Amino acid sequence: MSQPIESLARVASTPAQAKIFVAMLAAEGIPARVDGDSLVDEFAASQRLMNLIGTRVMVPTSRARSACRCSY
């Protein structure tokens, strides 16, 4: 059974909070990204403003357990 490349580490309440979580994980040496953060069209911008995207913090599956142990 194969594992996904990335796993959900945390769902933030706002895109700004998600970026803070990514920075905190990076400080612990855990690579992370905000799902949908690189989308730049008008639809993505409207979805981000309504907090429908840009709030999921993703980490590599191999580091998911470490990310959950971080205190944030």
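This is a short dialogue on reading helix α1 and threonine 61 in a predicted model.

Student: What should I know about confidence in the protein before I start?

Tutor: In this predicted model, local features need pLDDT of at least 70, side-chain atom pairs count only at pLDDT 80 or more, and totals for chains, interfaces and linings use all residues. Residues are numbered from 1 along each chain as its sequence is written, and side-chain values use heavy atoms, with hydrogens and water left out. pLDDT is the predictor's confidence in each residue, from 0 to 100. Here the mean is 85, and 96% of residues reach 70 or more.

Student: Which residues of α1 are buried?

Tutor: Start with the general idea: an α-helix has 3.6 residues a turn, so residues three or four places apart point the same way. Buried means under 20% relative accessible area, exposed over 50%, and partly exposed in between (1.4 Å probe, protein chains only). In α1, Pro15, Ala18, Phe21, Val22 and Leu25 are buried. Viewed down the axis, they fall within an arc of 110 degrees, taken from the directions from the helix axis to the C-beta atoms, so they line one face of the helix. On the other side, Ala16 and Ala27 are exposed.

Student: What do the buried residues of α1 pack against?

Tutor: Their partners are β1 (6–11), β2 (33–34), α2, β3 and α3 (64–69). Contact means heavy atoms within 4.5 Å.

Student: And is threonine 61 buried or exposed?

Tutor: Threonine 61 is buried, at a relative accessible area of 18%. This residue lies in the loop between β3 and α3. Leaving out residues up to four places away in sequence, threonine 61 touches Gln3, Pro4, Ile5, Glu6 and Ser7.

Definitions and conventions: Helices (H or I, at least four residues) and strands (E, at least two) are DSSP runs, numbered from the N terminus.
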